[in-house]
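Q: Could you take me slowly through one part of this structure, and then follow the chain outward to other places worth a look? I would like to see how each statement is reached.

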Amino acid sequence: MEQPKKQKNKFSLGGSSKKPSNFYWIYAVIGLALIVLQFFSYGSASTTITEAEFEQMVVNNYVQEVLVIKNKREVRITLTKDATQLDEYRERIKAPLISSGQNRGPHFYFEYFSEDGFYEDLKGYAEKNDLKYNVTTEEDWFGGLLGLLFPIIIIVAIWMFLMRRMGGGAGGGAGQIFSIGKSKAKLFDKENATKTTFDDVAGLEGAKEEVQEIVDFLKKPEKYTKLGAKIPRGALLIGPPGTGKTLLARAVAGEAQVPFFSLSGSDFVEMFVGVGASRVRDLFKQAKDKAPSIIFIDEIDAIGRARGKGAMQGGNDERENTLNQLLTEMDGFGTNTGVIVLAATNRADVLDRALVRPGRFDRQIHVDLPELNEREEIFEVHLKPIKIDKTVDVKFLAKQTPGFSGADIANICNEAALIAARNDKNKVGKQEFLDAVDRIIGGLEKKNKIISDYERKAIAYHEAGHAAVSWLVKYASPLIKVTIIPRGRSLGAAWYLPEERQITTTEQLLDEMCAALGGRAAEEIVFGKISTGALSDLEKVTKQAYAMVSIYGLSDKLGNISYYDSSGQNEYSFSKPYSEKTAELIDEEAKKMIDISYQRALKILTENKDKLTLLADKLLEKEVIFRDDLELIFGKSRFEEELKEEKKISKKKPAKKNSAETIDTRVSEEVDMTEDEKPDTNSEDAPEEKS
């Protein structure tokens, strides 16, 4: 027997897709009807005449009856049946003349001004012309009611308009003012749960394991409580943008089988004072009512920034009030039994220390950029809906994308499919994925850009200089290809594939700086002058040199000192943590490192000038050259065997990962020969420090 379908409950927080009915149009129709009835009750059925015309009708005995409305000073006239047929009146009469053999009126009306004079005339007409008339009063209750309601309707309409504007124009107009302090969280439960599960989250094995334990605790609490364990109060997901923090939270919502409240940190912020704290109270009240439950706050740094650092110091800072209420709700005098708080941020360094302490967020789960094996798993997930051919090797793609986040990989897969569709292909091949990587890193190719012969030659030597130096030094990143085709903001580019290392030595950093300065060195050797084309190279090298001196403690003169503040406590400070004398020393040491690297690049290219020329000529001929072309000109790298031996040793004794010392090794594109424009301080080529 077929079971009757259960009707789904509609939660105000979860939100039904069906919009509530709007009954305001009914009020508009009623108001219009009132106006129509008021203005057309009598006037629409009769025609206005003058008092002189009325006198003429009476003299000619055309008037059958007269009705005087005393309180309105109005006279309504009904003509005789014969008079209604006269040409002078028939066209002017609007009312139906004959209905079932009866003469219907009134046909005409007018208003008198002098009451005494008019009544004397009326009595005279009655005596002389045998005129029949009646005097009465008429209660205009309809007009009075409209006059009373009309101002009220205007006030209500203005109030509704203002409340709708203040409430953001969504969810009930005037009702917004009554729900402004309510939580904006979306509720996901068994009936409207998300379809994302942990199977959809590729990589992130460590983070998944910790989050899965929380879900398991909610499903089987006795497994842990019998050992005396307590459920964690909260878990904070920390990691760079695009690594899958929100995706992990969606998977928790799909797996938990308990009510899941989801909202953003900015949802607490409002223009009214006290609203943020009120929404926090309402959110936790609803979560407690549905316990056990989970609250997920995305981008918690919107309300969780360290107190006392805002622009409103000493004032009533609404954000701080909201944070104080959140701290109290998470671990205050009240009990939060069965409510777990998940939060995500990529700015953990700016969060208030009271927020991230144990008892509020018991766990800080680091969601890092995916490693090689994790990137392989992420590629497999995103390649499922894409039609690929046999040339696509997932392991190869994973190796080509070190430092890429999950969002970057998803973007590469989508971009490859778009490129294949643009080229009218039935399947996506290996070349489309390589083109997609180039497109995302370097930008779109600009083959139609107008470049003079001299500029083209300068670009070729510049890029050849990068390639030659990187081939002839030991620790520079392996070269993939070099091109002089303009792409994005660059006029030429060299692609390298950095190895995924956890720590970087001074020698490795100096070799990378030397390779970066190879382009400018080649220009000076061949042309005897330099250009603005090395903008991004100089930016990268300068940032790297200052990082080596002031952050990593790699300078002999300055010693083992680091001025890096991983806690972010000095974010709003306007003073440097060192003296002016030390600042001068830092400048000296950074410049010294750059000068030594540049002189080294000049020496290498001078000794191999003939090979540099061959490489530049090949670039001018082919526009794009690969690793094999360099091997034909320079021969096999003499450092290749040494590096292999070092890697073997490192596999036997793996270095312990220290996140404070790692350097971002994302695939770097040496954006060279940039046009003469303002430097972009957010260039991806600059070294970044992980905290």
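A: Gln325 lies in helix α11, which covers residues 318-330, and the model in which we look at it is a predicted one. With a relative accessible area of 16%, Gln325 counts as buried, because buried means under 20%. Leaving out residues up to four places away in sequence, Gln325 touches Ala277, Val280 and Arg281.

From this helix we can turn to a sheet. Six strands form an open sheet, in the order β8-β10-β11-β12-β9-β13, and their pairing is mixed. The edges are held by β8 (186-188) and β13 (363-366), each of which has a single partner strand, so one side of each has no neighbour in the sheet. On average, neighbouring strands of this sheet are turned by 20° against each other, when direction is ignored. Strands of a sheet pair through backbone hydrogen bonds, and they may do so in a parallel or an antiparallel way.

Within the sheet, strand β11 (residues 293-298) and strand β12 (residues 339-345) run parallel and are joined by five bridges. One residue to find on the display is Ser293, whose bridge partner in β12 is Val339. Helix α8 (residues 245-256) packs on the sheet, where this helix touches β9 (234-238), β10 (260-264), β11 and β12. The direction of α8 makes about 165° with that of β11.

The edge strand β13 deserves a slower look. Strands β9 and β13 run parallel and are joined by four bridges, and Ala235 stands opposite Arg363 in β13. In a regular strand the side chains alternate between the two faces of the sheet. Along β13 this alternation can be followed residue by residue: Arg363 and Ile365 point to one face and are buried, while Gln364 and His366 point to the other and are not buried.

Some loop residues are also worth finding. Leu204 is placed in the loop between β8 and α6 (205-219), and although Leu204 is not a glycine, its phi is positive, at about 50°. Its relative accessible area is 10%, so Leu204 is buried. Glu623, in the loop between α21 (609-622) and β16 (624-626), likewise has a positive phi, of about 70°, without being a glycine. Glu623 has a relative accessibility of 32% and therefore counts as partly exposed. Another loop residue is Ile386, found between α12 (372-383) and α13 (394-399); its relative accessibility is 16%, so Ile386 counts as buried. Apart from neighbours within four places in sequence, Ile386 is in contact with Cys413 and Val428. Ile386 and Val428 are 42 residues apart along the chain, yet their C-alpha atoms are separated by 7.5 Å.

Aromatic rings give another way to read the structure, which holds 11 aromatic pairs. Phe110 and Phe118 form an edge-to-face pair, with 6.0 Å from centre to centre and 75° between the planes, and both Phe110 and Phe118 are buried. The pair of Phe217 and Tyr224 is stacked, with 4.8 Å between the centres and 15° between the planes. Phe217 has a relative accessible area of 7% and is therefore buried, and Tyr224, at 16% relative accessibility, also counts as buried. Ring pairs also link Phe54, Phe110, Tyr112, Phe118, Tyr119 and Tyr125 into a cluster. A ring can also lie beneath a charge, as with Phe396, where the charged end of Lys430 sits over the ring, 4.3 Å from its centre.

In soluble globular proteins, nonpolar side chains tend to be buried together. Here the largest nonpolar core has 48 residues, and those with the most contacts inside it are Leu605, Leu615, Leu630 and Phe634. Taking Leu615, and setting aside residues up to four places away in sequence, we find that Leu615 touches Ala464, Ala467, Ala468, Ile625, Leu630, Ile633 and Phe634.

Finally, we can step back to the whole protein, which has 23 helices and 17 strands. Of its 691 residues, 42% are buried. Among contacts with a separation of 6 or more, 76% join residues 24 or more positions apart.

Methods
Residues numbered from 1 in each chain as written. Predicted model: local features only at pLDDT ≥ 70, side-chain atom pairs only at ≥ 80, totals over all residues. Heavy atoms only, no water. Pairing = 2+ DSSP bridges. Helix = DSSP H or I, 4+ residues; strand = E, 2+ residues; numbered from the N terminus. Axes fitted to C-alpha atoms, helices over the stretch in contact; angles between N-to-C directions. Contact = heavy atoms within 4.5 Å. Core = buried A, V, L, I, M, F, W, Y, C linked by side-chain atoms within 4.5 Å. Buried < 20%, exposed > 50% of the residue type's maximum accessible area, 1.4 Å probe, protein only. Phe/Tyr/Trp six-rings, centres within 6.5 Å; stacked < 30°, edge-to-face > 60°. Lys NZ or Arg CZ within 6 Å of the ring centre and 35° of its normal.
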